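Ready for some practice in reading a protein model? Work through each exercise yourself, then compare your steps with the solution below it.

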Amino acid sequence: MSCHAMTVIKNMWPEFSATEKDFRNPSQEFLMRFYELFFDECAILELRMQTPSDVLYPESLNDTLPIISTTAFLSYISSHIKGPQFGLEDIIDPNPKKTWKLLENFTNYIIYVDAHAGKYSLIAYENATQAANEKEELTKEIDEIKEKLNEIAIRKTESASELKK
């Protein structure tokens with residue numbers, strides 16, 4: 001792994017104790033800790049899959065489901081950024097060179113998201129404000145139409161009662 005990526009990881013997560021050996025020969029536990037920090041940094045809620053109710057020994061899935069959900073999410077992310085594609089084997093039996101590239105890509109992704117988060121937050125805020133204003137205008141129009149319909153209904157009942165006289 002490049003020195004830049006290791007420096008970025010250490011700066012992002014000082015509590016993440018990782019040596020060069022961890023990156024050169026990554027274990028499943030090391031990778032799962034890294035990916036949990038990655039999810040936290042991306043503000044992704046804990047990824048948990050629901051255990052099916054008809055499973056005979058649900059505790060047997062406690063170790064498997066986090067790996068499957070992590071794999072699903074990271075393969076989705078890696079399919080949208082340039083670089084190697086993420087698969088289940090990248091957690092279960094990681095190849096050091098591919099793992100380095102994946103970790104570097106994921107840290108670059110975080111840097112990109114952090115750099116552009118303000119811009120996208122502003123766009124989201126403007127869109128939400130515009131939608132709220134449009135909703136308010138449409139609500140006013142609906143109220144005006146209801147008022148006109150009520151006036152018409154009142155006139156009809158008044159004219160019907162006058163005809164009966």
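## Exercise 1: An annotated stretch

In UniProt, an unreviewed entry carries the annotation "coiled-coil region" for residues 128–155. Keep in mind that the model you are looking at is predicted.

**Task.** What percentage of residues 128–155 is helix, and how far apart are the end C-alpha atoms?

**Solution.**
- Step 1. Look at the secondary structure: residues 128–155 are 100% helix and 0% strand.
- Step 2. Take the C-alpha atoms at the two ends of this stretch; they are 41 Å apart.
- Step 3. Keep the two sources apart: the label "coiled-coil region" comes from the UniProt entry, while the helix percentage is computed from the model.

## Exercise 2: The whole chain

**Task.** How many helices and how many strands does the protein chain have, and what percentage of its residues is buried?

**Solution.**
- Step 1. Count the elements: there are 6 helices and 0 strands.
- Step 2. Follow the sequence from start to end, and the pattern reads α-α-α-α-α-α.
- Step 3. Turn to burial: of the 165 residues in the chain, 25% are buried.
- Step 4. Now the surface: about 11900 Å² is exposed, and carbon and sulfur atoms supply 57% of that area.
- Step 5. Finally, consider contacts with a separation of 6 or more: 56% of them join residues 24 or more positions apart.

## Exercise 3: Two residues to classify

**Task.** Are Ser 78 and Thr 99 buried or exposed?

**Solution.**
- Step 1. Place Ser 78 first: it belongs to helix α4, which covers residues 64–79.
- Step 2. Ser 78 has a relative accessibility of 1%, so it counts as buried. The cut-off for buried is under 20%.
- Step 3. See what surrounds Ser 78. Leaving out neighbours within four places in sequence, Ser 78 is in contact with Pro 84, Gln 85, Phe 86 and Phe 106.
- Step 4. Look at Phe 86 again: its backbone nitrogen lies 2.9 Å from a polar atom of the Ser 78 side chain.
- Step 5. Move on to Thr 99, which lies in helix α6. Thr 99 also counts as buried, because its relative accessibility is 1%.
- Step 6. With neighbours within four places again set aside, Thr 99 is in contact with Pro 26, Leu 31 and Pro 94.

## Exercise 4: Salt bridges along a helix

**Task.** How many salt bridges are counted, and how many residues apart are Glu 136 and Lys 140 in helix α6?

**Solution.**
- Step 1. The count comes to 5 salt bridges, using a cut-off of within 4 Å.
- Step 2. Start with Lys 101 and Glu 104, whose closest N and O atoms are 3.9 Å apart. Both lie in helix α6 and are 3 residues apart, about one turn of the helix. Lys 101 is partly exposed, with a relative accessible area of 37%.
- Step 3. Take Glu 136 and Lys 140 next; their closest N and O atoms are 3.9 Å apart. Because they are 4 residues apart in helix α6, about one helical turn separates them. Glu 136 is partly exposed, at 46% relative accessibility.
- Step 4. Arg 155 forms a salt bridge with Glu 151, with closest N and O atoms 3.7 Å apart. Arg 155 counts as exposed at 51% relative accessibility, whereas Glu 151 is partly exposed at 36%. These two residues are 4 residues apart in helix α6, about one turn.
- Step 5. Salt bridges with shared partners also link Glu 89, Asp 90 and Lys 98 into one network.

## Exercise 5: Around Glu 89, and a nonpolar patch

**Task.** Which helix holds Glu 89, and which residues make the nonpolar surface patch?

**Solution.**
- Step 1. Glu 89 is in helix α5, residues 89–92.
- Step 2. Its relative accessible area is 44%, so Glu 89 is partly exposed.
- Step 3. Not counting residues up to four places away in sequence, Glu 89 touches Pro 94 and Lys 98.
- Step 4. Compare positions in sequence and space: Glu 89 and Thr 71 are 18 residues apart along the chain, and their C-alpha atoms are separated by 9.1 Å.
- Step 5. For the patch, find Ile 145, Leu 149 and Ile 152, which make a nonpolar surface of about 280 Å². Ile 145 is part of helix α6, residues 96–164.

Terms used
Residues numbered from 1 in each chain as written. Predicted model: local features only at pLDDT ≥ 70, side-chain atom pairs only at ≥ 80, totals over all residues. Heavy atoms only, no water. Patch = residues over 30% accessible without salt bridge, like charges linked within 9 Å, V, L, I, M, F, W, Y side chains within 5 Å. Areas by Shrake-Rupley, 256 points an atom, 1.4 Å probe, with all protein chains shown as cover. Salt bridge = Lys/Arg side-chain N within 4 Å of Asp/Glu carboxyl O. Buried < 20%, exposed > 50% of the residue type's maximum accessible area, 1.4 Å probe, protein only. Contact = heavy atoms within 4.5 Å. UniProt positions renumbered as here; feature names shortened; annotations may be inferred. Polar contact = N/O pair within 3.5 Å; in protein donor to acceptor, adjacent residues only side chain to side chain.
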